[in-house]
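Biologist: I have not looked at this structure before. Please take me through it one question at a time.

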Amino acid sequence: MKLASLSSRFNDTVFTPYWQETVSARRDLPALTGAHRCDIAVIGAGFTGLWSALKARERHPNARIIVLEARHLAEAASGRNGGFSAPSISHGVGNAAARWPDEAEALVRLGRQNLDDLEADLVTYGIKAEFERTGKVNVAATPWEAEGLHDMQATYARFGVEAKVLSGDELKRHLNSPRYPAGLYEPNYAYVNPARLVHGLAEACLRGGVSIHQDSPVSAITPDGDGVSLTTPRGALRAGKVVMATNADLPILRRLRPAIVPIFDYTIMTEPLSDAQLESIGWQGRYGVADCGNQFHYSRKTADNRILWGGYDAIYHRGSRRDAQLLNRAQSYARLEANFLEAFPSLSGVTFSHAWGGIIDTSARLTFFTGTALGGRLAYAMGFTGQGVTASRFAALTMLDLLDGEETERTQLRMSRKRPFPFPPEPLRGLAIKVAQSHLAREDLTGKRSMLLRLMDRAGIGFGS
Ligand SMILES: Cc1cc2nc3c(=O)[nH]c(=O)nc-3n(C[C@H](O)[C@H](O)[C@H](O)COP(=O)(O)OP(=O)(O)OC[C@H]3O[C@@H](n4cnc5c(N)ncnc54)[C@H](O)[C@@H]3O)c2cc1C
């Protein structure tokens, strides 16, 4: 595939996610055919669905568990993301402190615990997902962003989260970029190869006797006695309980549709870089890097030292379109390229081996929410907004608590219990997103938060990716 209007750096680019190429053994997981019964059905085989199935197996060793996936493993967001694995379930410490001040301590603690537990699970199940806890450097491009890093450090300190401001030579030893004069290093941040994590979780599920069916989109969910019936093109499944983990796809339950919007996010990736090239930009360690504007880039190394450079554009298509052809966007790749070269001028000779896009399930407060339907027989979680690699595990556990009728610290969190502010219907939706995005872009340029954004803050409404 070639995309018109891209520079010669994209001449040999593969326009599908790099991560998919790193998975060697793929299982044949046929579609559901005929009529079946199970105790627990899971809709969606991304991180959220697979963690749900795996953790359901731990809790209910004898239950029959079936996962139904519309596409193939790692084809959706879980196989397309940056692999940034946050010690957070709340889209960061700042978001927790600003939106849920009285439960922020719990959110920060549970987020750190969740990352530790995720790492332990990878060891227990022998999942080789290239997990590495190598820290993150947050970088600032403007004086107001640099000031923001000090505020960020102060907020972190209130919750006992370690972080160190970097400047001058110390910053240059971490990242030597003319674009970023200030940084904040946080050691407790991890990375995974996301496609390997999906396949590793799926393998662990299969070993535990869970069935997974690909090419099995669920089109209808109906109450059926004390259970639930699910319909797929070639099969039917009656389940006692259902986990719905469909992320950015159109929610099957109508009432959830206003709660999320599909936002397209894009990534470009360099060819493997030499030690000399990495030295030229001061990037010696394996930490990731993210800048801190509203329109931000995230960047990390792969195992073979390619640089992944993603983010900035967050594209909404009127009518909440989710078409697969929108997963590639030449304008976004060109913008990412220009911003990459501005950040790393010494790398002007590189070419980009891969470029791809993915869909983020943006909620109007940047975090997931959970809930139940059909008299408690179905639990759902969605709205991860660009930070779901680790939060998906926590959301899965929350859904299982809800289905088991258990009141736990997880189910009591206001963050996950309360549904986010709904997005209005079209044509207002597209307009509202456009206006919010233009105010956020202006704040990036001026450092001034507009009246509209402050009103949204006060109403607990946020927009981002
Ligand atoms: C480009 C990009 C970069 C990102 N970077 C990061 C990052 O660095 N760090 C981070 O924490 N988060 C990141 N995210 C977000 C993260 O990828 C998601 O939050 C996470 O993968 C959500 O997992 P999931 O299982 O809920 O969703 P998905 O992986 O989307 O899985 C949902 C699955 O449900 C299936 N499905 C949908 N409808 C049906 C149906 N009716 N029947 C059957 N199956 C159905 C879909 O096919 C899909 O496989 C990024 C996202 C994108 C798109």
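Biologist: Into how many nonpolar, polar and charged residues does the shell around the ligand divide?

Modeller: This is a predicted model, in which local features need pLDDT of at least 70, side-chain atom pairs count only at pLDDT 80 or more, and totals for chains, interfaces and linings use all residues. Residues are numbered from 1 along each chain as its sequence is written. Ala, Val, Leu, Ile, Met, Phe, Trp, Tyr, Cys and Pro count as nonpolar, Asp, Glu, Lys and Arg as charged, and the others, Gly among them, as polar. On that scheme the shell around the ligand has 19 nonpolar, 17 polar and 5 charged residues.

Biologist: Which residues of the 41 that surround the ligand are the closest?

Modeller: A residue is counted as near the ligand if its C-beta atom, placed from the backbone, lies within 6 Å of it. Helix H2 (47-59), strand E12 (261-270) and strand E16 (352-362) each supply at least two residues of this shell; helices (H or I, at least four residues) and strands (E, at least two) are DSSP runs, numbered from the N terminus. The closest residues are Gly 44, Gly 46, Gly 82, Gly 358 and Gly 388.

Biologist: Between which domains does the ligand lie?

Modeller: Domain bounds come from an automatic or database domain assignment. The chain is divided into domain 1 (8-18 + 137-190 + 260-362), domain 2 (31-81 + 195-256 + 366-417) and domain 3 (428-458). Two of these give residues to the shell around the ligand, so the ligand lies between domain 1 and domain 2.

Biologist: What distance separates the ends of H2?

Modeller: The expected span of a helix is 1.5 Å times one less than its number of residues. H2 has 13 residues and should therefore span 18 Å; this agrees with the separation of its end C-alpha atoms, 18 Å.

Biologist: Against which elements do the buried residues of H2 pack?

Modeller: A residue is buried if 20 or more other C-beta atoms lie within 10 Å of its own, exposed if 12 or fewer, and partly exposed in between, with C-beta atoms placed from the backbone. In H2 the buried residues are Phe 47, Thr 48, Gly 49, Leu 50, Trp 51, Ser 52, Ala 53, Leu 54 and Ala 56. They pack against strand E1 (34-43), strand E2 (65-68), helix H7 (194-207), strand E11 (235-244), strand E18 (378-382) and H10.

Biologist: Which residues touch the most other members of the largest nonpolar core?

Modeller: A nonpolar core is a set of buried Ala, Val, Leu, Ile, Met, Phe, Trp, Tyr and Cys residues joined through C-beta atoms within 7 Å. The largest one has 135 residues, and helix H10 (residues 391-403) gives it the largest share, 9 residues. The members that touch the most others are Ala 41, Leu 50, Leu 201 and Cys 205.

Biologist: Is Ala 74 buried or exposed?

Modeller: Ala 74 is found in the loop between E2 and strand E3 (84-85). Its phi is positive, about 65 degrees, although Ala 74 is not a glycine. Because 24 other C-beta atoms lie within 10 Å, Ala 74 is buried.

Biologist: Where is Pro 427 found?

Modeller: Most residues other than glycine have a negative phi, and most peptide bonds are trans. The peptide bond from Glu 426 to Pro 427 is cis, with omega near 5 degrees. Pro 427 is in the loop between helix H12 (414-417) and helix H13 (428-446).

How values were computed:
Two residues are in contact if their C-beta atoms, placed from the backbone, lie within 7 Å.
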